[in-house]
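Here's a walk through one fold, piece by piece. Have the viewer open and follow along.

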Amino acid sequence: MSTESMNSAKEKVVLAYSGGLDTSVCVKWLQDELGYDVICVLGNVGQEHDGLEKIEAKAKALGVVACEVVDMREEFANEYLTCAIAANAMYENKYPLLSALSRPLISKHLVDAAHKYGATAVAHGCTGKGNDQVRFETSIMALDPTLKVIAPVREWDLGMRPDEIAYAKAHGVPVPVSLDKPYSIDDNLWGRAIEAGVLEDPWNEPPEDIWTMTVSPLEAPDEPTYVELGFEAGVPVSLDGEKMGLVELVDKLNAIAGAAGFGRIDMIENRYVGIKSRECYEVPAGLAIIQAHKALEDLCLERDVLHYKLGLEQTWADQVYNGRWFSPLKLALDAFMGATQEALTGEIKLKLYKGSCVVVGRKSAAALYDQQLATYDNDDAFDQQAAKGFIDIQALSIKTWAMKQAQLEQAHAAAFVPQSSAAAFDVVEGGAVELSAAASL
Ligand code: ARG
């Protein structure tokens, strides 16, 4: 930081910087139109890039006061992905929330940088049509409600791309030669989101070139790939028996599952802002891990906990999708999820084959599965005679209701029988009811 900018009377803003055209124009716009000193935060959340140093140099060339390159991968894996795995996070039962998981983490670093540099405002490069603006701003408000939030792309009148390019050229922002990026992409360790371009027509099959983490199932090997995932307290800790940290495990599993053609999603999704959008995702490791994690829960969680948890998982995913990572409800749900995870230590065997992933084996010292209870063989420990009393009593309220229904119908039928379509009820022995429709057509 130069002494000049340190002592400058200008207010400071911290910008979430990606190195792309939009956020580069944001730098200039914040400097020239709003008169801010700009501090960039460039987060490494495991996205594809060709050199973070290059992006840092680009920010510096735009005259920013500072550019902080922050490696957020460990934090992303250990504090965000672990919570998502515990909650089997899947918005609308399909989308594993990859972008929604990184936004609160990046926001936290933006707020930290604002405090470090004494900035009064925080800015992001999201448009006004998506979920990400909601996630950044809600997170920032939760972490420091006194900070001002600026969304240049939503606020400026640079309209469509040509105006933005003209502004960039006029203000010395380098414009990449091949600007014709046909898709809007957001990616991190958990996967990639691909939208826009030809995908906007939901009838168009996704072109093969949108995928970078997964091979086409048609090109995948003819032999299945087996993977063993080890979990400790619900967290994946080993791959094929080898212990490793979550960042490395997700990286490796992305490569293995992606090579088997597994992990593609093509869906219509309900954005929080009310728009339905067509989204494609690749989440090879994420989908495999959630599938394995659910299989371990099936084995180890008591029935009522498992069932109750399923409902809360939807709420958790909605909260996070809608940008409410730091909300009191989401934090309370994390506490519930956490309490359910303690027993989840064990191994799950997955079989990956030409775009599919199936659980083919599971074991755990904490398994509630009891072969002696489940078996149909002779050493059955289950008391089948006890089933009758159990069924009679649990069905009593329904049986009582059914008998009363029959009496009422009978009384009703006796009062107003239309000759042609009378329904006759016979109360048979033991109280069971038989219905015979005497339809004369
Ligand atoms: N629809 C997804 C979500 O809301 C992905 C958004 C990805 N962002 C992007 N700029 N392509 O989480």
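## Two helices crossing

Let's start with helix 9 (residues 246–259) and helix 10 (residues 284–300), which pack with their axes 7 Å apart and at an angle of about 100°. An angle of 65 to 115 degrees counts as roughly perpendicular, so that is how helix 9 and helix 10 lie to each other. On the helix 9 side, the contact is made by Val250, Leu253, Asn254, Ala257 and Gly258. Helix 10 brings Pro284, Ala285, Ala288 and Ile289 to the contact. Sorted by type, the residues of this contact come out as seven nonpolar, two polar and no charged. Keep in mind that this is a predicted model.

## The antiparallel sheet

Next up is an open sheet of four strands, in the order 6-7-12-11, with antiparallel pairing. Its edges are strand 6 (184–188) and strand 11 (264–270), each of which pairs on one side only. From one strand to the next, the twist averages 25°.

Zoom in on strand 7 (residues 191–195) and strand 12 (residues 276–282): three bridges join them in the antiparallel sense. If you want a handle for finding the register, look for Ala193, which stands opposite Tyr281 in strand 12.

## The parallel sheet

The other sheet to look at is also open, but has five strands in the order 3-2-1-4-5 and parallel pairing. Here strand 3 (66–71) and strand 5 (148–150) are the edge strands, with pairing on one side only for each. Ignoring direction, neighbouring strands of this sheet are turned by 25° against each other on average.

Going through the pairings, strand 2 and strand 3 run parallel and share six bridges. Within strand 3, Val70 is the bridge partner of Gly43. On its other pairing, strand 2 (residues 37–44) is joined to strand 1 by five bridges, again in parallel. Strand 1 also pairs with strand 4 (residues 121–123), in the parallel sense and over three bridges. Val14 is a good residue to click on: its bridge partner in strand 2 is Ile39, while in strand 4 the partner of Val14 is Val122.

## Strand 1 and the helix on the sheet

How many of the five residues of strand 1 (residues 12–16) are buried? Five of the five are, so strand 1 is largely enclosed by the rest of the structure. In a regular strand, side chains alternate between the two faces of the sheet. In strand 1, Lys12, Val14 and Ala16 point one way, whereas Val13 and Leu15 point the other way, and all are buried. Yes, that list includes Lys12.

Strand 1 also belongs to a right-handed β-α-β unit, together with helix 2 (residues 21–32) and strand 2. Helix 2 packs on the five-strand sheet and touches strand 1, strand 2, strand 4 and strand 5. The direction of helix 2 makes about 170° with that of strand 1.

## A stop at Asn78

One last residue: Asn78, which you'll find in helix 4 (residues 73–86). Is Asn78 buried, exposed or partly exposed? A residue needs 20 or more other C-beta atoms within 10 Å to be buried, and 12 or fewer to be exposed. Asn78 has 14 other C-beta atoms within 10 Å, so it is partly exposed.

Asn78 also links back to a remote part of the sequence. Gly245 is 167 residues from Asn78 along the chain, yet the C-alpha atoms of the two are separated by 8.9 Å.

Definitions and conventions
Residues are numbered from 1 along each chain as its sequence is written. This is a predicted model: local features need pLDDT of at least 70, side-chain atom pairs count only at pLDDT 80 or more; totals for chains, interfaces and linings use all residues. Axes are lines fitted to C-alpha atoms, for helices over the stretch in contact, and angles run from 0 to 180 degrees between N-to-C directions. Angles under 35 degrees count as roughly parallel, over 145 as roughly antiparallel, 65 to 115 as roughly perpendicular and the rest as oblique. Two residues are in contact if their C-beta atoms, placed from the backbone, lie within 7 Å. Ala, Val, Leu, Ile, Met, Phe, Trp, Tyr, Cys and Pro count as nonpolar, Asp, Glu, Lys and Arg as charged, and the others, Gly among them, as polar. Two strands pair if DSSP finds at least two bridges between them. A crossover is right-handed if, with the strands pointing away from the viewer, the path from the first strand over the helix to the second runs clockwise.
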